[in-house]
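Grab a pencil and work through the exercises below. Each one has a task, followed by a solution in steps.

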Amino acid sequence: MSATNPVNNLQALIRCPSVTPAEGGALSVLEAMLAPLGFKVERVVARAEGTPDVENLYARIGSGGPHLMFAGHTDVVPPGNEADWSHPPFAAEISDGMLFGRGAVDMKGGIACFVAAVARHIEKHGAPEGSISFLITGDEEGPAINGTDKLLQWAAEKGEKWDACLVGEPTNPDVLGDMIKIGRRGSLSGRITVQGVQGHSAYPHLADNPIRGLLQLTHALMDEPFDHGTTNFPPSNLEVTTIDTGNPAVNVIPAKATAAFNIRFNDTWTADSLQSEIIRRLEAAAAEGSLRPGRDPVRYEIVWNERPSHVFLTRNDALIESLSLAVEKITGRRPALSTTGGTSDARFIKDYCPVVEFGLVGQTMHMVDERVSVEDLETLTNIYGSFIANWFAHARSA
């Protein structure tokens, strides 16, 4: 099988049930594609206490610069109830011009297309005048502890350095050519617990309902805007995502209540400054309120989730323009430059080199009947091929 065909590449990858953190054969399939092209392929198992081992892949062709990295993940989310799928989630069947399967869009499709683009480049021009590497993780859809972050550390310790990176996540909302991601908002999460006094709901004077205080605190977090957005980012936004008392009885006032929250923030803030602002709001609301009139101020504690994601913006004009011109050449559309959406592994890569993201249309990712059009696979391969030529031409002339 020739690696120049993105459809064949993707079918082979989808047929590997690599649900996080299982390798599922996907990295072996990818190695079989890359090794015949001249890539040196290394498989790296990363470990951390309390988390499952994760196998990752690093492959490189060439030994000098300039050095372009392609990054992505072969792990996928569970398919859910397979009976709900019109085609089996790991069969990679094609119907009416659409290729069905878990990971078709997020993001085995992007990997399949970049492999095809590199294979075509080598077939036409020979090995690149520089280096191309693949940095592929197996836990992006999971805790992201034993994947890209550790693989980057491992590679850097071996002396690997990169000049730029393209992440193949699905970035286009509607059609190919819509959007390039040039940065990401930060993400910060925490959990607030308010202590009360348990009691019978018929005798409220003998209890303190913590839900009253929790609502006051969450209102203080969600009511006033944190900012109004910046030139490159939308306004920061906090959402309360769970409220729980752990109380199964309808006639018992709970002893405590908890609320989890997540805020996606722009470059007005750092994680530290945002934590300070959240605590300021909580302190003010707790001092002003109480669980019941005449009682003491609200007593609460907050626990921050580990490893917040930091906001970043890529300012490498050569990288952005090389990709934008490729998209415009193949699709006729000038892509928007965006920082919207959730987090991705680009948050780790940005500490090593400039990074942008561009991949397939993301409308069906994580859904039943996840699918991609065969036509889009060919189009994305051509975009990646044009990007590779543009980037190396610019890098060699710089």
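Before we start: helices (H or I, at least four residues) and strands (E, at least two) are DSSP runs, numbered from the N terminus. The model is predicted, so local features need pLDDT of at least 70 and side-chain atom pairs pLDDT 80 or more, while totals for chains, interfaces and linings use all residues. Residues count from 1 along each chain as its sequence is written, and side-chain values use heavy atoms, leaving out hydrogens and water.

**Exercise 1.** Find where the residues of the UniProt "active site" feature sit in the fold.

*Solution.* Step one: the unreviewed UniProt entry puts this feature at D75 and E140 (numbered as here, name shortened, and possibly inferred rather than shown by experiment). They span 66 residues in sequence, yet their C-alpha atoms are no more than 6.8 Å apart, so they gather at one spot.

Step two: D75 is in the loop between strand 3 (67-73) and strand 4 (94-95). For E140, look in the loop joining strand 6 (131-137) to helix 4 (148-157).

**Exercise 2.** Work out whether D75 is buried or exposed, and what its side chain pairs with.

*Solution.* With a relative accessible area of 0%, D75 is buried (under 20%; exposed is over 50%, partly exposed in between; 1.4 Å probe, protein chains only). Its side chain makes a 2.6 Å polar contact with that of T20 (N or O atoms within 3.5 Å; within protein, one able to donate a hydrogen and the other to accept it; residues adjacent in sequence count only if both atoms are side-chain atoms).

**Exercise 3.** Do the same for E140.

*Solution.* E140 is buried at 14%, and its side chain has a polar contact of 3.2 Å with the side chain of H73.
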